[in-house]
Structures are given as C-alpha cells and as structure tokens.
Amino acid sequence: MRCPVALALAALLGNPGMLHAIAVDSTSPASNANNVSRSGAVVINFDRAVEPSSITNASLRIWGQQSGRVAGTIAYSNGGATLTFTPSVTYFPGEWITVQLSHDVAGADATPLRSAGYVFQFIARTAPAAMTFTQNGPPVSVRTNGDTTRLYGGAITDLDNDGWVDFIAVNEVSADLRVLLNTGDGSGHLGPVLTPPTGIGVEASPSTVADFDNDGFMDVATGNSTSSTASIALGSGDGHFRSVQNLNVGARPHGIVALDVDGDGDLDLVVASENGDALTLLRNDGTGSFGNRTDFADDDGDCKYSLGAGDMDGDGIIDLVVGTCSQNRMLVLTGNGDGTFTETENIGSAGYAWKLALGDVNNDGKLDVAQANGFDNNAVILLGNGDGTLQAPDIYGIPGSGVGSSLGDIDGDGDLDWVVSSYSASEWYVFENDGTGAFDRIETIPAPSNASCASLYDFDNNGTLDMALADEVADVILLEKNDGATGTDFIFIDGFDG
C-alpha cells in the first residue's frame, strides 16, 4: 500500500497547478512584538498540514539571545496545519526570542517550505519598575594583574546554562574576551574574570551572541578593527571557549550581526567595514565553521559602520540595517533568502553612524531604528514603515560623541525605552518612551572615565531590566540595579535550563 504522503504527492503531480510550497500563514506572537509573556506558547499556522517528521532540532530553532535554545514540547492541531510550541522554561526578561524555520520543513503532502525558510522574532516581557537606578556594588574591573584592556563593551548571555545572565567583556587593546560569570545568588554581582582570557583579533568592536554550532552552548563573534578580522569563539558550556576561528573581512570592521541568510537553519555572519566601504558575508557550514567570504554593498564609496538585523518588511526573511559614516546615511538591505540583499532604503541619518539598535518603539508591529551618532552631538530615531523604508530621523541632542545605543522596556510598561552612551561627555543617558516612539531624557549616569556600551538585562532575576555599563578607559563595569520592582507575576527562577 502506498503511504498517504506518496498518494498526496502523486495527486499533486497530476495537477501541477496545485503544487506549491507549504507556507506560513500567521504566527503568535506576531513578528517584532513587544511585551510577550515569558512563558507563552509559540504558534505557527501553516496553509496546510505540516509533516511532523520534518520538524527537528535543526529545522526548527527557537532561541533567546540570553537564554540560548529554548526547551519545550510540540503539539499539532487544526488538521496538522497548526504547530504549537509550549516552552518548558521561562524566557529572560526583555530578551529577543528568534523562531527559525529552515527550508527542510515540509508539508504532509511533501511540498517543502520556500528555500528562504521563515523567521520571526519577539521580545519577552519585563516587570514594572521605577526606571531609576542604584549602583549595585563597586565598579567591577576587567583587568588582571593591572593590565589595560580597553573595554569596548560586553556580550551578555547565559554562557554556562545555569539560569543567570553572564557578562563577556570585549576588549580592544588586550585583544581578548574576559568572562565574568553571574554569582547566581540573586545579588546581581559578577564573579572574578575567568582565566585564561580567550584571545581574539585586535580592537574588537561590537559583538553578537548565538549558538553557531547548534550544540546548546552560546557562542560569541566579534569584528576586530585593527586586525580587519572577525573572531568566532565557540562556547564549551562552562564559561570558557573551546576554540576561536579568525577570518579576514573588509578593512576596519565594526558592526557584526548573526542571521540565517539562506534558509538552511544555520546562523551566518555579516560584518560592516569602515575603510572597506563594504559588508562581508561569512557563511556557516552548520558546524560553527565559517568561510565562503562574499563582499557586497561596496560600490557606493560610503563607509559602513553600525549594523543591525531584523525583519524590516514583514516577509519572514531577516534584513540588514546599515549606518554609514562618510555620507551619514541609513541603508536598509532586504534579504532575498539566498544570501543576497536588495537595497530598499537610503536616507540621511543626521550624523556619523556609530551604533544602532532595532526595535518597535511605537508598537505598530514595524521595526524602527535607534542610532547613536559619533561626533555629531545627537542620537536619532527612524521609524520604520514596514516595507523596508524609513521615515526621516527624529533628532535628540546629547552632549559629546554617541557610541552606544540600546533599547529595552526598562519601566515594564510595554514599550521600549532607550539608553544612549556618550564617550566624550562621559555619561549614559536614559530616555523614557511615551508609548508613541517619542522619548524624554529622565536620568543621566556619570562614567568614572569614558562611557561606552550599555547592556540591558536582568542581572538579579527579579524580572526588571538592569544595566551593565562599560567604561572603556577605566576598564570597569558599573552594575546599575533598576529600582522598585512592582511586578507580581515575576518570580525568582532558579536552575533555568535553556
């Protein structure tokens, strides 16, 4: 007897007009949603029944930037056309959750998902808080034996899978990653630097975290300006890194993002280079080994600096947002799902792009851009139109040179607030969102020496977003506790197993 899949395929082949790829009709949460329940189900509605055997750990990856792969159970309903994933763990507050479907997903009729796959992302809810900060203990040094590291900023993720977010110091001069594990006792403190540090390229700039080899342990990638390389450090699950790969990219790289460019389920890397005026794609072979370098967007003579990745046009394919530093432009390159991109926006950004963050700041379901501009005494918000284009920038004056931009729901009211760093003014500025995507500066935090990047995460597991502020000249981290947690649905979580 022929199996039902074979019979269905034969029927479709007999009527070629019916043979088309299985498609995603809708998702819950919706793409780019804010304020999503930390324990809520992920629901994917297909246009027909999905073949359960095609859903594997490789073809369906649900992961958080801080928690890593999310454990859970899968159920099917609606005649097999609805897949419901119920997490068995709780997302970290305020973290981006990514749901990736590769092109290996198939329908019960044997039709494959499109070659580009399908991706959507959302942000987990944070608890209500006062949105004021108290320094949580003395500044934490990342130096060992009195050396100078030049702490650009930190990668934040649960590096040892113990349910607490750790801090990985990204250092320019010492050219290494230095891990400071969360003490895991609810204090929000960091332990001493693990030794030995992990060597990477020289003058590492922004970093990105992901599980590049799909082994359940989070990894870190950096762009290294002086070396003109990218470094990929694969985590071993205990706070250390088991290997580092260094690859040549465009001259003086700065921004770096992880995304699946071709629908195969593996996370690739794109790096923006300042002097190379280019973006460089490094493809993942599925084991966390990268190669097959491709340079693109290098024909406009405009240096590429800040970089973000997200679905800017709502088609389930991750796009690139690029801030430039010679013509002061913001570019949107929409993904084609085959490793190539098409420029859909090129708009003035009111300054020398330094660092950007993506998020839906006005809760309309469309990704927006929040960028700090170096040397121009400002930071800007560019609202997205949902089709890969942007509106003209709203300009916010700040003293000095902006080098850091971070978005997160700091007060727990369901919209994204904003933290901007000024290196030359030696201050961090906290901006509150009024719910429409307009911001008011409500707090200024002085740096011991020079302010660099701000990392927003819940370091004491009480549900609110705290901050770890990197001072790149003093080589210290300021742990700033978000005061006045008022949430009743956010409980202390021990033993998180992501």
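The legends below describe close-up views of a predicted model. Local features are taken from residues with pLDDT of at least 70 and side-chain atom pairs from pLDDT 80 or more, while totals for chains, interfaces and linings use all residues. Residues are numbered from 1 along each chain as its sequence is written, and side-chain values use heavy atoms, with hydrogens and water left out.

**View 1. An open antiparallel sheet of four strands, E33-E34-E35-E36.** Strands (E) are DSSP runs of at least two residues, numbered from the N terminus, and two strands pair if DSSP finds at least two bridges between them. E33 and E36 (439-446) are the edge strands, each pairing on one side only, and the twist averages 20° from one strand to the next, with axes fitted as lines to C-alpha atoms and angles running from 0 to 180 degrees between N-to-C directions. Between E33 (residues 402-408) and E34 (residues 417-422) there are six antiparallel bridges, and serine 406 stands opposite valine 419 in E34. E34 in turn pairs with E35 (residues 427-433) over five bridges, again in the antiparallel sense, with tryptophan 428 in E35 as the bridge partner of serine 421. Seven of the seven residues of E33 are buried, that is, under 20% relative accessible area, where exposed means over 50% and partly exposed in between (1.4 Å probe, protein chains only).

**View 2. Side-chain contacts of aromatic residues in E34 and E36 and at tyrosine 429.** Tryptophan 418 in strand E34 and phenylalanine 439 in strand E36 are 21 residues apart, and both are buried. Their rings form an edge-to-face pair, 5.3 Å centre to centre with 65° between the planes; rings of Phe, Tyr and Trp (its six-membered ring) pair if their centres lie within 6.5 Å, and planes under 30 degrees apart count as stacked, over 60 as edge-to-face and the rest as tilted. Arginine 441 lies over the face of tyrosine 429, at 4.5 Å from the ring centre, where the criterion is NZ of Lys or CZ of Arg within 6 Å of the ring centre and within 35 degrees of the ring normal.

**View 3. A stacked phenylalanine pair and an aromatic cluster.** The structure holds 14 aromatic pairs. In one of them, phenylalanine 296 and phenylalanine 341 count as stacked because their ring centres are 5.4 Å apart and their planes lie at 5°. This pair links strand E24 (residues 290-296) with strand E28 (residues 341-348), across 45 residues. Phenylalanine 296 is buried at a relative accessible area of 15%, and phenylalanine 341 is likewise buried at 15%. Tyr305, Tyr352, Trp354 and Phe375 form one aromatic cluster.

**View 4. Salt bridges between loops.** With a side-chain nitrogen of Lys or Arg required within 4 Å of a carboxyl oxygen of Asp or Glu, the count comes to 14 salt bridges. Arginine 143 and aspartate 475 meet at 2.8 Å, N to O, and this pair joins the loop between E11 (140-141) and E12 (151-157) to the loop between E38 (466-471) and E39 (476-482), 332 residues apart. Arginine 143 is partly exposed at 32% relative accessibility, whereas aspartate 475 is buried at 0%. Glutamate 172 and arginine 150 form a salt bridge at 3.8 Å, N to O, and the pair ties together parts that are 22 residues apart in sequence.

**View 5. Further salt bridges, one of them with a buried lysine.** Aspartate 300 and lysine 304 meet at 2.8 Å, N to O; aspartate 300 is partly exposed at 27%, whereas lysine 304 is buried at 0%. Asp47, Arg48 and Asp109 are linked in a network of salt bridges.
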